[in-house]
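Let's take a walk through a protein together. Keep the picture open beside you and look up each residue as we get to it.

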Amino acid sequence: MDIFQLQTLISGILALLVGALLYQLKRTHGPNTKIFTAPQAGGAWPIVGHLHLFGAHQLTHKTLGTMADKHGPIFTIKLGSYKVLVLSSWEMAKECFTVHDKAFSTRPCVAASKLMTYNSAMFGFAPYGSYWREMRKFATIELLSNQRLEQLKDTRTSELDAATRKVYKLWSREGCPKGGVLVDMKQWFGDLTHNIVLRMVGGKPYYGASDDYAEERAVSRNGKEEQDVMDVMLNVLPDLKVSGYDSDTIIKATCLNLILAGGDSIMVALTWALSLLLNNEMELKKAQDELDTHVGKDRNVEESDIKKLVYLEAIVKETMRLYPPSPIITLRAAMEECTFSCGYHIPAGTHLIVNTWKVQRDGSVWSEPHDFKPERFLTSHKEVDVKGQNYELVPFGSGRRVCPGASLALRVLHLTLARLLHSFDVASPSNQLVDMTESIGLTNLKATPLEVLLTPRVLIYRLKTTDSGNNKIRSAPQAGGAWPIVGHLHLFGGHQHTHKTLGMMAEKHGPIFTIKLGSYKVLVLSSWEMAKECFTVHDKAFSTRPCVAASKLMGYNYAMFGFTPYGPYWREMRKLATIELLSNHRLELLKSTRTSELEAAIRELHKLWSRESCPKGGVLVDMKQWFGDLTHSIVLRMVRGKPYGDDYAEGEARRYKKAMRDCMSLFGVFVLSDAIPFLRWLDINGYEKAMKRAASELDPLVEGWLVEHKRKRALSMNGKEEQDFMDVMLNVLQDVQISGYDSDTTIKATCLGKNYELVPFGSGRRACPGASLALRVVHLTLARLLHSFNVASPSNQVVDMTESIGLTNLKATPIEVLLTPRLDTKLYED
């Protein structure tokens, strides 16, 4: 081979080697094949790595946030022997939870998982594999499905009801202070959420002996009771082994997993939500206004109301953005190597931390990221949810390892916060700003107690409650100022309005309290909510009448059914009055009676005006007397068939009116012996003597009506005449005794008892049965008066509104009014 051939061969070999080298270099360092490792944060020490940076007083998420500001949204740290990947932006989080979700779906093996979770049998801490997949599926479908949560709704609601009542009772025991009662809400939220979770898991609050529950279930379970989580698992997993774990271990581990994961995280979120609202009064007011608009104050908030409370939902989202219960998502590890889109290669075995706190305060996503602004979730971030599909807000994580209890947590969060804000006014002591210091740990607990002043704003709690099976009966607070023997009687003097005195007491002692009137305790209710409960829940309990002197002496020994004690006689007479005397049918039959009396009274006013020479300024009339005469005439016409002027001499009519008014007045006076029975023999103020005199004056009159009606019945038995109340009762009660009262006594007592002057109607069993009649008379009389006359006060003076003393709230002074006819004269003629 000559020299030329040798050079050619060597040149060819060199060219091939250079080409191969260049190809390899291009292949290795091409744009699509570059392998980088994520940058490691500085400051690592030998052996311990960065552990020294996460000391006792360092908040992990804030330390990692500071590192992210320096090293970017993706970097690594060393925790001892392990490399940890830290992600701090929503873009990196999204890629992790979507593209690389399976790679990061396992749990690293740590001591806590082995020693405290039944050797990693808690599915929340189990490594990725067949056991985790099976238990995750079971928890999602059987334990935490929407259907299961709906079935356990009553459990959650009853625990919340009990906790709310407990606060109300505490407020009552403290004397119903206007400024509210001081409650550590962090503890209250913790007790409540643990009770809810324990009830749902084991059937009992703060109980849950797993070892003996199966035995109890085998004895008592009939398949129809409400099934808690443990019941469901015993039904599905009896004698079953999954991946080497026996069924008892699986059940205990799963139940404990739900308790640990559920209780604390919900408590943390509620604590931060209330803290933020206390520091932002405008947002607090908006939340309560929304509750009042959509729920009102006559019932409690229910879970079905939450979908209408959009501002409350925004508050919860904003709370979980600023203070996520778990500020970092950790305890994940890479099962296999992967490469992020930015080119960083992550080896298998690398642990993962997603800094949720940093992601959710990213200024490029959230305007004013550190401020509490719930409105952002009604405007710019309206479509952002918290369940792991929007990666800028991931308080429950995302991907395969997303929290399976997110739906339960949100239900409890929304309902508890709504019920608290709806039921109580909340304030911090001395209106100080709440300390927002966070504690150290994986759970972002508030570092200091949350002491809040709570004042009831929706009073829908029972007077007696049962707590945990132990009957604890608490007395309503008693007003101060009671004297020995007489109690509070001295506060209700001759010039004191009872209702106003009681009103001032209510301002001090709250809407429910007691006073002592001599020997008797008196419950005083001063709000519509308390009145509603009294007249509904406790109506039968309060349906009797106390035995007082007026009812005995002027009510035919309690035969007036309006004043008789609860019992067979009252029920019979109430039924008779409601069905026979005051039914709509009877009132319609007697309509012409009422109308004719009203027309006669209107004509008399017009005649008076005419006699006074038709003055343009009107004629002066005492309307208090006119209303009294008219209503007495209407009632008497309906009861006995005639007004009190038809068959009485003028003097007798005056005596009758005086006797009736004395009777009504004496029913309203306070007789000292009713409160202090042993003083009855004294008859202080002579009220009992006056009552006997009034009864003796009225009885002959009513007896005369009865005799007259009996005589009329004897003369005319065709039954075609218009029947008044006395006619009806003679038809129904002739020669009948009811509970020892003869028919004449019953008729007289009932007729006399009908002569009320349109008092308020009450409610419940003891509601005034004549309410319909009273409203018909009031409406028609007022309408006819205002239609027929122009009314004015003399010299356009303001009318004196002074009230009189007594149970009937009569105007203390006359009401003199100038009346001028406003209709055609023909309409006032007979």
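Start with a pair of side chains: Asp305 and Arg299 meet in a salt bridge, with 2.9 Å from N to O. Before we go on, keep in mind that what you're looking at is a predicted model. Side chains of opposite charge can pair when their charged atoms come close. How buried or exposed are the two partners here? Asp305 has a relative accessibility of 3%, and because anything under 20% counts as buried, Asp305 is buried. Arg299, on the other hand, is partly exposed, with a relative accessible area of 31%.

That pair has company, since a search of the whole structure finds 28 salt bridges. Another one brings together the side chains of Glu588 and Arg776, at 3.4 Å from N to O. Why is this pair worth finding on your screen? Glu588 lies in helix H20 (residues 584-589) and Arg776 in helix H28 (residues 771-788), so the salt bridge ties together parts that are 188 residues apart in sequence. Both ends are partly exposed: Glu588 has a relative accessible area of 40%, and Arg776 has one of 26%.

Next, look for Lys710 and Asp744, whose side chains also meet in a salt bridge, at 2.9 Å from N to O. This pair links distant parts of the chain, with Lys710 in helix H25 (residues 687-715) and Asp744 in helix H27 (residues 743-753), 34 residues apart. Lys710 is partly exposed, at a relative accessible area of 36%. Salt bridges can also join up into groups. Which residues are linked in a network of salt bridges? They are Glu150, Lys153, Arg156, Glu303 and Arg411.

Now let's switch from charges to strands. Find strand S13 (residues 512-517), where 5 of the 6 residues are buried, so this strand is largely enclosed by the rest of the structure. Its partner is strand S14 (residues 520-525), and the two pair in the antiparallel sense over 6 bridges. Look across from Leu517 and you'll see Tyr520 of S14 standing opposite. S13 and S14 form a hairpin with 2 residues between them. In that turn sits Gly518, which has a positive phi of about 65°. While you're looking at the strands, here's a handy general point: in a regular strand the side chains alternate between the two faces of the sheet.

Our last stop is an empty space. Rolling a probe the size of a water molecule over the atoms shows where empty space is left. The second largest pocket has a volume of about 1,200 Å³, and 41 residues line it. Nearest its centre are Arg107, Phe125, Ala261, Ser326 and Cys403. Which element gives the largest share of the lining? That's H11, with 8 residues. Helix H11 spans 247-278, and among the other elements that supply at least two lining residues each are helix H5 (130-143), helix H8 (185-202) and strand S5 (329-333). Sorted by class, the lining has 27 nonpolar, 9 polar and 5 charged residues.

Let's finish with one residue from that pocket. Cys403 sits in the loop between helix H14 (356-359) and H15. At 32% relative accessibility, Cys403 counts as partly exposed. UniProt, in an unreviewed entry, lists Cys403 under "binding site".

Notes: Residues numbered from 1 in each chain as written. Predicted model: local features only at pLDDT ≥ 70, side-chain atom pairs only at ≥ 80, totals over all residues. Heavy atoms only, no water. 1 Å grid on protein atoms, 1.4 Å probe; cavity = no way out; pocket = protein on both sides within 12 Å on 5 of 7 lines; lining within 4 Å. Points joined across faces, edges and corners; volume = space filled by probe spheres on them. Helix = DSSP H or I, 4+ residues; strand = E, 2+ residues; numbered from the N terminus. Nonpolar A, V, L, I, M, F, W, Y, C, P; charged D, E, K, R; others polar. Salt bridge = Lys/Arg side-chain N within 4 Å of Asp/Glu carboxyl O. Buried < 20%, exposed > 50% of the residue type's maximum accessible area, 1.4 Å probe, protein only. Pairing = 2+ DSSP bridges. UniProt positions renumbered as here; feature names shortened; annotations may be inferred.
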